[in-house]
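Work through the exercises below with the model open beside you. Try each task before you read its solution.

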Amino acid sequence: MSKVFEKLIFKQIEEYIEPFLSKHLTGFRKNHNTQNSLLYMLEKWKESLDQKKVIGAIYMDLSKAFDTLHHDLLISKLDAYGFSYSALTYIKSYLSNRSQRVNVNNNFSSWQNIKTGVPQGSILGPLLFNIYLNDIFTFLSSSFLANYADDTTLYSIHTNYKIMETTLRENFSQIKIWFYENFMQINPSKCHYMCLGQSKEKHDFILDDITKLELTHEHEMLGVIIDSNLKFDSHINTLCKKVGKKLNALTRVSQFLQPIQKQLLYNSFIKSQFSYCPLIWMFCSNYSNNLINKLHERALRMISGNYTSTFQELLNDNNETTIHVRNTHLLLIEIFKFVNELSPEIMNEIFKLKENTYHLRNPRELFATKKSTIKFGIDTISYKATQLWQNLPHFMKNVPSLAIFKNSITHLEINSSQCRLCKTYIKNLGYID
């Protein structure tokens, strides 16, 4: 019964609090996911690197974030957001009079009252955590914050390394004060510092007389390994190793399986591995793309038993596309959602609509800024999205629903001239059409 009441209260609180929540708060919210948070941050990084700027980022680790929420402070924040007295009393009652004990080798401790934190496994817990964390975004003066649940990254951007470093240090001090005043604690030993850009002054980041963060060249954030060159070779290499192990195990037992069983296992354990945050790493290097294609080809040969056809013939026989083409389709779906106001507000920082002063037959077109480089300019989601959407047939742009668009996009042939990964690359020769 408690879950029923929680769900009813959740709907009321969510409907009321949604306009107050920051667009950068992407955890535990409808239509939001980890890809939104990472995409906004990385597109901003690429835009800055395209302009020859320097970026400094501190990946922060919070100690038991969900268990440290102070109940009285949470109620005070709800009061500041305009919750009524009866609503505050209800939530206070929901959090109060809970107790827990510890079991070690069938020896139980005495029951102790829980004074902080939200109930684990509850429906209201994540929403209350979002409300508790929401005002952190108002404390920053000149840096940026990427957040998903308790995973928080602070970063600063400037043309000068020393100014960037000073700004980042000042804003990190502000964030530390906020965490301290909100009874949350940063674990310095698990914080990492990364610097991106062409600056020759890169070195370890000194926070104060005691704490120093070592310069790292790659860090795993929200399940994606981000390197200082934004190539994602390490992430894809790790991903392909996992897929390779699963594929080897599946190959060993494939002779005992029916075709429908092999297809099911292939979809569940092989193909699904490339479905997590695909827009983040879709413009990877040719080496990484070839690595993915080789595994894809091996998997298709295993489920079909066909060891003579080419990779393209295998794709046609199994009614599939390459992983990169599938990712391109997913990008078009994200654009359709943005154009039709179905995507979260944070996506408005990535895609921009053209502002037309006169009537056009199809006014829903994307705006593209000028780019200086290929790696950090042309090979970005925001720039490629403009090209893809511009070349999409008008009737597809105007379909009445997202479901119809998803169904029609699977049959779309991508123009190879729009992307270097769709072209054939020959070593020591280059790209060919």
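The exercises go from the whole chain to two single residues.

This is a predicted model: local features need pLDDT of at least 70, side-chain atom pairs count only at pLDDT 80 or more, and totals for chains, interfaces and linings use all residues. Residues are numbered from 1 along each chain as its sequence is written, and side-chain values use heavy atoms, with hydrogens and water left out.

**Exercise 1. Describe the fold and compactness of the chain.**

Step 1: Count the secondary structure. The chain has 16 helices and 14 strands. These are DSSP runs numbered from the N terminus: helices are H or I with at least four residues, strands are E with at least two.

Step 2: Check the radius of gyration, taken over C-alpha atoms. The radius is 25 Å, close to the 22 Å from the globule rule for 433 residues, so the chain is as compact as a globular protein of that length. The rule is 2.2 Å times the number of residues to the power 0.38.

Step 3: Get the box. Along the principal axes, the C-alpha atoms fill roughly 70 × 60 × 50 Å.

**Exercise 2. Find how much of the chain is buried, and how far apart in sequence its contacts reach.**

Step 1: Take the buried share. Of the 433 residues, 47% count as buried. Buried means under 20% relative accessible area (1.4 Å probe, protein chains only).

Step 2: Look at contacts, meaning heavy atoms within 4.5 Å. Among contacts with a separation of 6 or more, 68% join residues 24 or more positions apart.

**Exercise 3. Place Ser 122 and list its partners.**

Step 1: Locate the residue. Ser 122 sits in the loop between strand S5 (112–113) and helix H5 (124–133).

Step 2: Judge its burial. Ser 122 has 11% relative accessibility, so it counts as buried.

Step 3: Find its contacts. Beyond neighbours within four places in sequence, Ser 122 is in contact with Lys 3, Glu 6 and Tyr 94.

Step 4: Check polar atoms. A polar atom of the Ser 122 side chain lies 3.0 Å from the backbone nitrogen of Gly 125.

**Exercise 4. Do the same for Thr 386.**

Step 1: Locate the residue. Thr 386 belongs to helix H14 (residues 381–390).

Step 2: Judge its burial. With a relative accessible area of 9%, Thr 386 is buried.

Step 3: Find its contacts. Leaving out residues up to four places away in sequence, Thr 386 touches Leu 366, Phe 367 and Ala 368. Phe 367 is 19 residues away along the chain, with a C-alpha separation of 6.7 Å.

Step 4: Check polar atoms. The Thr 386 side chain reaches the backbone oxygen of Ser 382 at 3.1 Å.

Conventions:
Buried < 20%, exposed > 50% of the residue type's maximum accessible area, 1.4 Å probe, protein only. Polar contact = N/O pair within 3.5 Å; in protein donor to acceptor, adjacent residues only side chain to side chain.
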